[in-house]
Amino acid sequence: MTGDVAVLGAGMHPWGKWGRSFVEYGVTAARAALADAGLEWRDIGSVVGADTVRGGYPGYVAGATFAKALGWQGTRVTSVYAACASGAQAIATARAQILAGLADVVLVVGADAAPKGFFRPAGGDRPDDPDWLRFRVLGATNPTYFGLYARRRMAVHGDTLEDFAQVKVKNAALGARNAYARYRRAVTAEEVAASAVVADPLRLLDICATSDGGAALVLAGLDFARRHGAGDAVRIRAVSTVTPHFPNTVLDLPDIATDSAVAVSPAPETFRESIARAAYEEAGVGPEDLSLAEVYDLSTALELQWYEDLGLCGAGEAVKLLRDGSTAPGGRIPVNPSGGLASFGEAVPAQAIAQVCELTWQLRGAAGDRQIPGARVGMAVNQGLFGHGSAVVAVR
Amino acid sequence: MIAGWFTGDGEGFRLLGTRCSACSTVFFPREDTHCRNPHCPGGRLMEAPLSRRGHVWSYTDSRYRPPSPYVTDRELPWVPYTLIAVELAAERLVVLGQAAPGVTVADLTVGTEVEVVPGVLHEDAETTWTTWQWRPTGAGV
């Protein structure tokens with residue numbers, strides 16, 4: 001397929017609260033990805049960084065920061081900011097450069113040193129920023145939105161707190177097998193139930209933490225991959241970066257209200273469903289083709305929502321899928337074999353790249369004791385603040 | 001606190017959005033520059049009071065003190081507040097707001113009827129920041 005690019009290398013810095021600079025995490029991940037690819041930094045024709053905030057004007061930096069730390073070598077450079085979709089847009093940018101013939105081999109890097117506790121908007125009085133407004137006017141943190149979605153699922157679909165806890169139990173068991181995960185310990189349903197409520201009905205162990213972390217990929221054109229002796233490399237076949245359609249009728253971070261559906265009927269699919277559909281269409285695959293999926297489990301309840309948004313089951317059927325083991329290892333479509341955000345925590349610009357690292361290792365058959373046997377097609381999805389879509393399909 | 005988002009007192013209290021003169025789309029928070037309906041040729045945006053009553057789409061609470069720019073007195077112990085997302089049938093949109101003081105998640109279910117009331121977000125020696133709040137119509141708060 002003409003849209004394919006090869007994944008020559010994948011690398012990460014272990015996630016956690018390390019108290020060091022995002023530059024260190026990114027460079028560690030980049031060097032790991034380069035070593036995995038069997039390439040030198042000097043071989044790289046373009047570097048794309050997923051941005052984070054650094055003190056000083058203009059604040060949002062990445063591409064050149066990593067290029068400087070690795071040693072200025074005159075490469076093409078790009079920096080991308082799209083909130084949680086930054087990593088996916090960095091991958092999309094690298095892919096576009098490769099397909100356009102602007103670069104043969106591109107290094108993609110995302111890393112962050114997250115603040116302690118709740119995420120918060122940048123400082124200053126900024127009433128023209130929806131993210132600032134929701135904090136200032138409502139005190140609406142990210143977990144309060146996750147709580148709204150969870151309550152809604154309970155009311156509409158009959159999901160229970162015990163169902164949500166089972167998502168954490170599943171993901172924690174997988175994270176315990178992943179050396180890059182921050183949390184590497186199995187968790188019981190009783191432990192979830194005993195943890196403090198953060199935003200009704202969700203508890204501390206239902207909600208992902210903020211973390212430091214870094215992830216990197218080396219992507220290349222198929223001709224370069226063949227010349228490099230990697231003609232059978234894992235390939236990225238689709239990257240979806242779509243926006244919602246008006247009217248967006250599901251209350252979404254960071255907005256205080258939805259769009260009105262007075263003038264235009266809502267599309268039959270939600271934003272998250274459209275993110276997945278765009279990726280399926282571009283890749284020429286469907287949900288039935290997936291061997292595994294990495295989804296953005298900002299909360300346990302949100303992972304269930306993604307099952308439906310990905311078309312793994314019909315509306316309201318996610319809990320059935322969870323309960324019958326379909327999304328666990330050995331099931332029809334394992335979800336978050338990496339351990340997910342439940343085990344990693346959120347390092348915003350790195351997460352979408354980390355998801356593709358996991359797809360790469362799974363599709364290579366190199367995922368150790370969390371390997372999904374015979375994995376052929378993987379999908380990674382998330383969603384960036386302010387309407388940034390993010391999905392990647394990788395194939396072997 | 002945000003200019004032009006609400007008006008009036010008591011029974012006359014209303015959230016203020018805007019309505020496009022061409023396609024009738026309603027915006028809250030108010031949109032004063034261009035209609036955001038991509039199918040609309042673009043009309044004038046006129047101030048429009050929103051319905052006083054709606055039904056709970058979902059609800060949650062905040063058991064931990066939110067970070068700034070939310071303003072709280074760190075000298076005082078944290079008292080959780082409830083957040084309610086409310087569907088307004090006439091405008092066909094959902095508006096998030098804090099619940100009136102004393103309303104907890106135990107008082108709510110999805111579908112409960114609520115009404116908008118004026119409230120105080122925060123006050124200090126110099127300033128009182130007013131806001132809108134949602135309150136169950138049958139609660140007698």
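Visitor: What share of the 141 residues of chain B count as buried?

Guide: The share is 49%. The model is a predicted one, and a residue is called buried when its relative accessible area is under 20%.

Visitor: What else describes chain B as a whole, starting with how many helices and strands there are?

Guide: Chain B has zero helices and nine strands. Read from the N terminus, its elements are β-β-β-β-β-β-β-β-β. Along the principal axes, its C-alpha atoms fill a box of roughly 50 × 35 × 25 Å. Among the contacts in chain B with a separation of 6 or more, 51% are between residues 24 or more positions apart.

Visitor: Why is B:F28 called buried?

Guide: The relative accessibility of B:F28 is 3%. The limit is under 20%, so B:F28 counts as buried. B:W132 has a relative accessible area of 1%, so B:W132 is buried by the same limit.

Visitor: How many aromatic pairs does the structure hold over all chains?

Guide: There are eleven over all chains. One of them joins A:W15 and A:F344, with ring centres 5.2 Å apart and planes at 80°.

Visitor: What makes that pair of A:W15 and A:F344 stacked or edge-to-face?

Guide: Centres must lie within 6.5 Å for a pair, and planes over 60 degrees apart count as edge-to-face. With 5.2 Å and 80°, the pair of A:W15 and A:F344 is therefore edge-to-face. A:W15 is in strand β1 of chain A and A:F344 in helix α12 (residues 340-344), so the pair ties together parts 329 residues apart in sequence. Both A:W15 and A:F344 are buried.

Visitor: What are the values for the pair of B:F28 and B:W132?

Guide: The rings of B:F28 and B:W132 are 5.5 Å apart centre to centre, with 90° between the planes, and the pair is edge-to-face. B:F28 sits in the loop between β3 (26-27) and β4 (45-49) of chain B, and B:W132 in strand β9 (residues 128-136), 104 residues apart. Ring pairs link B:F28 and B:W132 into a cluster with B:W5, B:F6 and B:F13.

Visitor: How do you know that the length of helix α1 of chain A agrees with its number of residues?

Guide: Helix α1 has 16 residues, 22-37, and at 1.5 Å a residue they should span 22 Å. The end C-alpha atoms are 22 Å apart, so the two values agree.

Visitor: What is found at the two ends of α1(A), before it and just after it?

Guide: A:S21 caps the N-terminal end, with a side-chain oxygen 3.0 Å from the backbone nitrogen of A:V23. Just after the helix, A:G38 has a positive phi of about 70°.

Visitor: Which residues of α1(A) are buried, and what covers them?

Guide: The buried residues include A:F22, A:Y25, A:A29, A:A33 and A:A37. Their cover includes β1 (5-16), α2 (63-70) and β9 (212-220) of chain A. In a helix, residues three or four places apart point the same way.

Visitor: Which residues of α2(A) are buried?

Guide: They are A:G63, A:T65, A:F66, A:A67 and A:L70. These pack against α1, β2 (46-50), β4, β5 (76-80) and β6 of chain A. A:G71 follows α2(A) with a positive phi near 110°.

Visitor: Why is A:V77 called buried, partly exposed or exposed?

Guide: A:V77, in strand β5 of chain A, has a relative accessible area of 44%. Buried is under 20% and exposed is over 50%, so A:V77 is partly exposed. Leaving aside neighbours within four places in sequence, A:V77 is in contact with A:V47, A:G63 and A:A64.

Visitor: Why is A:S240 called buried or exposed?

Guide: A:S240 lies in strand β10 (residues 235-240) of chain A. Its relative accessible area is 3%, and with a limit of under 20% A:S240 is therefore buried.

Visitor: Which side chain has a polar atom 2.9 Å from the backbone oxygen of A:I275?

Guide: That side chain belongs to A:S240. The limit for a polar contact is 3.5 Å, and 2.9 Å is within it. Not counting residues up to four places away in sequence, A:S240 touches A:I275 and also A:A278, A:A279, A:G389, A:S390 and A:A391.

Visitor: What shows that both faces of strand β11 of chain A are covered?

Guide: A:L292 and A:E294 on one side are buried, and so are A:A293 and A:V295 on the other. Four bridges join β11(A) to the parallel strand β12 (residues 377-384), where A:A380 stands opposite A:E294.

Note on methods: Residues are numbered from 1 along each chain as its sequence is written. Chains are lettered from A and ligands numbered from 1 in the order in which they are written. Side-chain values use heavy atoms; hydrogens and water are left out. The expected span of a helix is 1.5 Å times one less than its number of residues. Buried means under 20% relative accessible area, exposed over 50%, partly exposed in between (1.4 Å probe, protein chains only). Contact means heavy atoms within 4.5 Å. A polar contact is a pair of N or O atoms within 3.5 Å; within protein, one must be able to donate a hydrogen and the other to accept it, and residues adjacent in sequence count only if both atoms are side-chain atoms. Rings of Phe, Tyr and Trp (its six-membered ring) pair if their centres lie within 6.5 Å; planes under 30 degrees apart count as stacked, over 60 as edge-to-face and the rest as tilted. Two strands pair if DSSP finds at least two bridges between them.
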